[in-house]
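Biologist: I'd like to learn how to read a structure like this one feature by feature. Can we start with a backbone angle and work outwards?

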Amino acid sequence: MFLVPDILIRFYHRMASPPHFYAFTQQIMPWLVVIFVLLTGAGLYGGLYLAPADYQQGDSYRIIYIHVPSAWMSLFIYMVMAITGAIGLIWRIKLAEVISISSAPIGASFTFIALVTGSLWGKPMWGTWWVWDARLTSELILLFLYLGVIGLYGAIDDKKIASKSVAILALVGVVNIPIIHYSVEWWNTLHQGPTVTKMDKPSIHVSMLIPLLLMALSFKFYYVIALIQRARVELLKRERNSQWVKTMLSEQQQ
Amino acid sequence: MKPARKQRLILISLMVIGVSIATGFALKSFNDNLMYFFSTSDVVAGKAPKDNLFRLGGMVIKGSVERPNDGLMVRFKLTDFSKEVTVEYTGILPDLFREGQGIVANGKLNAQGVFIAEEVLAKHDENYMPPEVKQSLKNQSEKGKGQ
């Protein structure tokens, strides 16, 4: 605790309080949207127009500008969901529970997009829509984990208990994340090995890599935007009887 | 940290570690089933099933692709850079099928040790580059061989 600057700790405590989170996210939202639109525009223009065609796949490879960032996000969001779930379990911070459950539908969507775009690419390139190899199967299990989290949360009426159960389910599922990432190295798979995250230099040409990284960043911003919107609604639902919500509503009605 | 929180933190860490170890053992015992295909060395060593369908993966050897009859039947050799297996396939090959490319074929071995494929899938590699770069890489490696 001595190493963390005082201002950061104060920021953390303020953000953990629902009224501050609600007000702060309202202020930063327009900026997030502007950055997201700029990044997506630049990424898509670079990826679909500026980047050259691949020496083997021609233009078909351009689906990586959606497929790869979605697949990365599906893993990233799961980790956010599990870690905030654990924080909610251990420290009983309400906002962490809200962030955790609000992440689930967004993560499920990204997983679904990664599976569908991969399948569309697989048909012409591999010659099949789907194979039960380790990478594809573990990614499908990830989708089921997300759906399980959403379903479990919806099935329990008491949202305090629901948050705890969901956090435990999410934490058990964490074991799947390294399996997905390393599946292409541990086992023979039809899916190709890692391109960008290799330890030595990435095996993708720099003119194709830059739009890919832009798209990856833009998806991160999309996630933050969607997460904030979901978390705000979830917060209002949970805190509907608290003083700050009532004050805010009466102020708006005047 | 308060004792109650510390206890919960330890409990949750133990749970995650426990699940990881259990999954690790499960995956280790199912390791062979998780392999999507057999390599050509496995087949030559007799590890592949004799009468059942299985998948065979490897690199198509350059210059080995031939069409013995005028039909759709293709014959080629697969390698994992140690042992070779001959494959016969009748049907339409995927876009990425070419010599020097990795593929996965589903089928059976016949009595002569030739793999009769019912399905051929191309395994794409992880390299992405524009055609000009590929060409210059090729030129460089040819220059390197000449020296």
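Modeller: Sure. This is a predicted model, and a good starting place is the loop between α3 and α4 of chain A, where A:Arg92 lies.

Biologist: What is the phi of A:Arg92?

Modeller: The general idea comes before the case: most residues other than glycine have a negative phi. A:Arg92 isn't a glycine, yet its phi is positive, at about 55 degrees.

Biologist: And is A:Arg92 buried, exposed or partly exposed?

Modeller: You count neighbours for that. A residue is buried with 20 or more other C-beta atoms within 10 Å and exposed with 12 or fewer. A:Arg92 has 15 C-beta neighbours inside 10 Å, so it counts as partly exposed.

Biologist: Let's try chain B. Where does B:Phe81 lie?

Modeller: B:Phe81 sits in the loop between β3 (73-79) and β4 (84-90) of chain B. Its phi is positive too, about 70 degrees, and again the residue is not a glycine. Because B:Phe81 has 11 C-beta neighbours inside 10 Å, it counts as exposed.

Biologist: What do the two strands around that loop form?

Modeller: A hairpin: four residues separate β3(B) from β4(B), and B:Phe81 is in the turn. The pairing is antiparallel, over seven bridges. To see one position in that ladder, look across from B:Leu78, and you'll find B:Val85 in β4(B).

Biologist: Which side chains of β4(B) point to which face?

Modeller: Go along the strand and watch them alternate. B:Val85, B:Val87 and B:Tyr89 point to one face and are buried. B:Glu84, B:Thr86, B:Glu88 and B:Thr90 point to the other face and are not buried.

Biologist: Which strand do three bridges join to β4(B)?

Modeller: That's β6(B), and these two strands run parallel. For a bridge to check on screen, take B:Glu88, whose partner in β6(B) is B:Ile116.

Biologist: And how do β5(B) and β6(B) pair?

Modeller: Antiparallel, over eight bridges, with β6 covering residues 115-123. Within that pairing, B:Asn106 stands opposite B:Glu119 of β6(B). β5(B) and β6(B) also make a hairpin, with five residues between them. The turn includes B:Gly113, which has a positive phi of about 80 degrees.

Biologist: How many bridges link β2 and β5 of chain B?

Modeller: Six, in the antiparallel sense, between residues 54-60 and residues 102-109. B:Leu56, for instance, has B:Ala105 in β5(B) as its bridge partner.

Biologist: Is B:Gly58 buried or exposed?

Modeller: B:Gly58 is in strand β2 of chain B. It has 26 C-beta neighbours inside 10 Å, so it counts as buried. Leaving out residues up to four places away in sequence, its contacts include B:Ser39, B:Thr40, B:Leu78 and B:Gly102. The C-alpha atoms of B:Gly58 and B:Val85 are 9.1 Å apart, with their positions 27 residues apart along the chain.

Biologist: Let's zoom out. What pattern does chain B follow along its sequence?

Modeller: Reading along, you get α-α-β-α-β-β-β-β-β-α. That gives four helices and six strands. The chain is divided into domain 1 (3-32) and domain 2 (36-123), and the C-alpha centres of these domains of chain B lie 41 Å apart.

Biologist: How does the radius of gyration of chain B set against a compact globule of 147 residues?

Modeller: The globule would be near 15 Å, whereas chain B has 23 Å. Its C-alpha atoms fill a box of roughly 80 × 45 × 30 Å along the principal axes, and 22% of its residues count as buried.

Biologist: How many residues does each chain give to the contact?

Modeller: Chain A gives 35 and chain B gives 32. On chain A's side, the elements giving two or more residues are α3, α4, α6 and α8. The largest share, four residues, comes from α3(A). By class, that side of chain A has 22 nonpolar, eleven polar and two charged residues.

Biologist: Last one: what confidence scores come with the model?

Modeller: For the model, ipTM is 0.76 and pTM is 0.86. Chain A averages a pLDDT of 89, and chain B has a mean of 83. Within chain A, confidence is lowest in helix α1, at a mean of 76, and highest in helix α5, at 95.

Methods:
Residues are numbered from 1 along each chain as its sequence is written. Chains are lettered from A and ligands numbered from 1 in the order in which they are written. Domain bounds come from an automatic or database domain assignment. Two residues are in contact if their C-beta atoms, placed from the backbone, lie within 7 Å. Ala, Val, Leu, Ile, Met, Phe, Trp, Tyr, Cys and Pro count as nonpolar, Asp, Glu, Lys and Arg as charged, and the others, Gly among them, as polar. The radius of gyration is taken over C-alpha atoms; the globule rule is 2.2 Å times the number of residues to the power 0.38. pLDDT is the predictor's confidence in each residue, from 0 to 100. Two strands pair if DSSP finds at least two bridges between them.
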